[in-house]
Amino acid sequence: MAAPLKVEFHFDFGSPNAYLAELALPAIEQRTGVKFDYVPVLLGGVYKATGNMSPAESLRGIKNKPEYNALETERFLRRHNITTFKSNPFFPVNTLMLMRGVVAADFEGLFEPYFRAAYHHMWVEPKKMDDPQVFREAFLSSGLDIDRITARAQQDDVKKKLIENASTAVARGTFGSPTFFVGSEIYFGKDSLRDVEDEILAQSTAQQRKSA
């Protein structure tokens, strides 16, 4: 029997495009019957390893490109009927605490509520989530035992896992967020989601033919 198709979403809470892309994933899962694996990857580590930089830096001073980037985002919001997104006025936010936290939450069986709360406080009711007090109060308001998660996030296995995720992703071709893998095929950016879905269907069909 063939192994199930592995489909991955590599994310960092600091990427607005990763947030927007994630909102479109449930519909893809429903249409294809394949579940995405959510892989936390510290974008700062990826940028350092690849020499890349955030769009806020790379678009600075370029005529027309930032405006087109904003237009592209508006089109994506309309296409996917997204009404909750707000730009974070504190962007860019250092996400080290957030990303160690999500690894710790996963180890503690709290991935889903932490993940949803983190995105909420970054891009729905945006806050300065690299401020420790703001960070703590935000997660407490979402009903999470954030002190437990924060303590767990200081453990070496959590730190090691986050570093390994980034180094492994870079070795596979990652240079930014969001990145998707369908099997070994890599796709970058929220606007690659149609290609991601097509690849899922193509590989799923090929697997079904082999096992028939």
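Me: Which residues of helix α7 are buried?

Reply: F135, A138 and F139. Buried means under 20% relative accessible area, with a 1.4 Å probe and protein chains only. α7 covers residues 132–141. Helices are DSSP runs of H or I, at least four residues, and strands are runs of E, at least two, numbered from the N terminus. This is a predicted model: local features need pLDDT of at least 70, side-chain atom pairs count only at pLDDT 80 or more, and totals for chains, interfaces and linings use all residues. Residues are numbered from 1 along each chain as its sequence is written, and side-chain values use heavy atoms, with hydrogens and water left out.

Me: Why do the buried residues of α7 line one face of the helix?

Reply: Seen down the axis, they fall within an arc of 90 degrees, so they line one face. The arc is that of the directions from the helix axis to the C-beta atoms. An α-helix has 3.6 residues a turn, so residues three or four places apart point the same way.

Me: What do the buried residues of α7 pack against?

Reply: Against α5 (96–107), α6 (111–123) and α8 (146–153). Contact means heavy atoms within 4.5 Å.

Me: What is the strand order of the open sheet?

Reply: β2-β1-β3-β4, with mixed pairing. Two strands pair if DSSP finds at least two bridges between them.

Me: Why is one side of β2 and of β4 left without a neighbour in the sheet?

Reply: β2 (36–40) and β4 (185–188) each have a single partner strand, so one side of each stays free of a neighbour in the sheet.

Me: What makes β3 and β4 a pair?

Reply: They share four bridges, in the antiparallel sense. T179 stands opposite F188 in β4.

Methods: Buried < 20%, exposed > 50% of the residue type's maximum accessible area, 1.4 Å probe, protein only.
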